[in-house]
Amino acid sequence: MTSSACTTGRRPSSAPCPHWPSPARLRRSGATPRQLLGTVAAETGFVVALGAVLGALAALPSLLGIRAGLSGTLGVPVDMVVPWTPVLTAVAGCLLLALAASVLPARRALRD
């Protein structure tokens, strides 16, 4: 559900989306703080994973073009080698930063 679907029409843009439950609404319906924090963490992990996949797909055409250009220039086949350790380290770092930026404020908001 996009935010534009919730902000068009008769609702002002500052009104919460009726289709996306707020943490306060979830708490009133019986969700525990641990469940809410788990939901925030799971959503954050999904967004980071989606970003990593989309980033890899965006880089793939350029990498294939560079490989084809090098292969044509050198006259020999060029293998595409992905250094997985730095790539996975960068994704893990993004995940840690994203979790800190989402779970810590959510935890603080649940205390209030």
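A contact here means heavy atoms within 4.5 Å. Keep that in mind for the whole chain: of the contacts with a separation of 6 or more, 49% come from residues 24 or more positions apart. What you have open is a predicted model.

**Stop 1: the whole chain**

Color by secondary structure. You should get four helices and zero strands, so to speak an α-α-α-α run from the N terminus on. Now switch on the surface. The accessible surface comes to about 8600 Å², and carbon and sulfur atoms own 68% of that. How much of the chain is buried? Of its 112 residues, 9% are.

**Stop 2: H3 against H4**

Select residues 33-74 for helix H3 and residues 84-111 for helix H4. Two numbers describe a pair of packed helices: the angle between their axes and the distance between those axes. For H3 and H4, the angle is about 150 degrees and the axes sit 9 Å apart. Parallel or antiparallel? Angles over 145 degrees count as roughly antiparallel, so H3 and H4 are roughly antiparallel to each other. Their crossing is right-handed.

**Stop 3: the contact between the two helices**

Show side chains where H3 meets H4. On the H3 side, pick Pro 33, Leu 36, Leu 37, Val 40, Ala 41, Thr 44, Gly 45, Val 48 and Ala 52. Across from them on H4 are Val 91, Cys 94, Leu 95, Ala 98, Leu 99, Ser 102, Val 103, Ala 106, Arg 107 and Leu 110. Color by class and this contact splits into 15 nonpolar, three polar and one charged residues.

**Stop 4: Thr 44**

Zoom in on Thr 44, which is found in helix H3. Buried or exposed? Thr 44 has 12% relative accessibility and buried means under 20%, so Thr 44 counts as buried. What does Thr 44 touch, if you skip its neighbours within four places in sequence? Select Ala 98, Leu 99 and Ser 102: those are its contacts, and each of these three is also on the H4 side of the helix pair.

**Stop 5: Ala 92**

Finish on Ala 92, in helix H4. With 37% relative accessibility, Ala 92 falls between the 20% and 50% cut-offs, so Ala 92 counts as partly exposed. Then draw a distance from the C-alpha atom of Ala 92 to that of Ala 49: your viewer should read 9.8 Å. Along the chain, Ala 92 and Ala 49 are 43 residues apart.

Notes:
Residues are numbered from 1 along each chain as its sequence is written. This is a predicted model: local features need pLDDT of at least 70, side-chain atom pairs count only at pLDDT 80 or more; totals for chains, interfaces and linings use all residues. Side-chain values use heavy atoms; hydrogens and water are left out. Buried means under 20% relative accessible area, exposed over 50%, partly exposed in between (1.4 Å probe, protein chains only). Axes are lines fitted to C-alpha atoms, for helices over the stretch in contact, and angles run from 0 to 180 degrees between N-to-C directions. Angles under 35 degrees count as roughly parallel, over 145 as roughly antiparallel, 65 to 115 as roughly perpendicular and the rest as oblique. A crossing is left-handed if the near helix is turned anticlockwise from the far one by less than a right angle, and right-handed if clockwise. Ala, Val, Leu, Ile, Met, Phe, Trp, Tyr, Cys and Pro count as nonpolar, Asp, Glu, Lys and Arg as charged, and the others, Gly among them, as polar. Accessible areas come from the Shrake-Rupley method with a 1.4 Å probe; for residues, only the protein chains shown count as cover.
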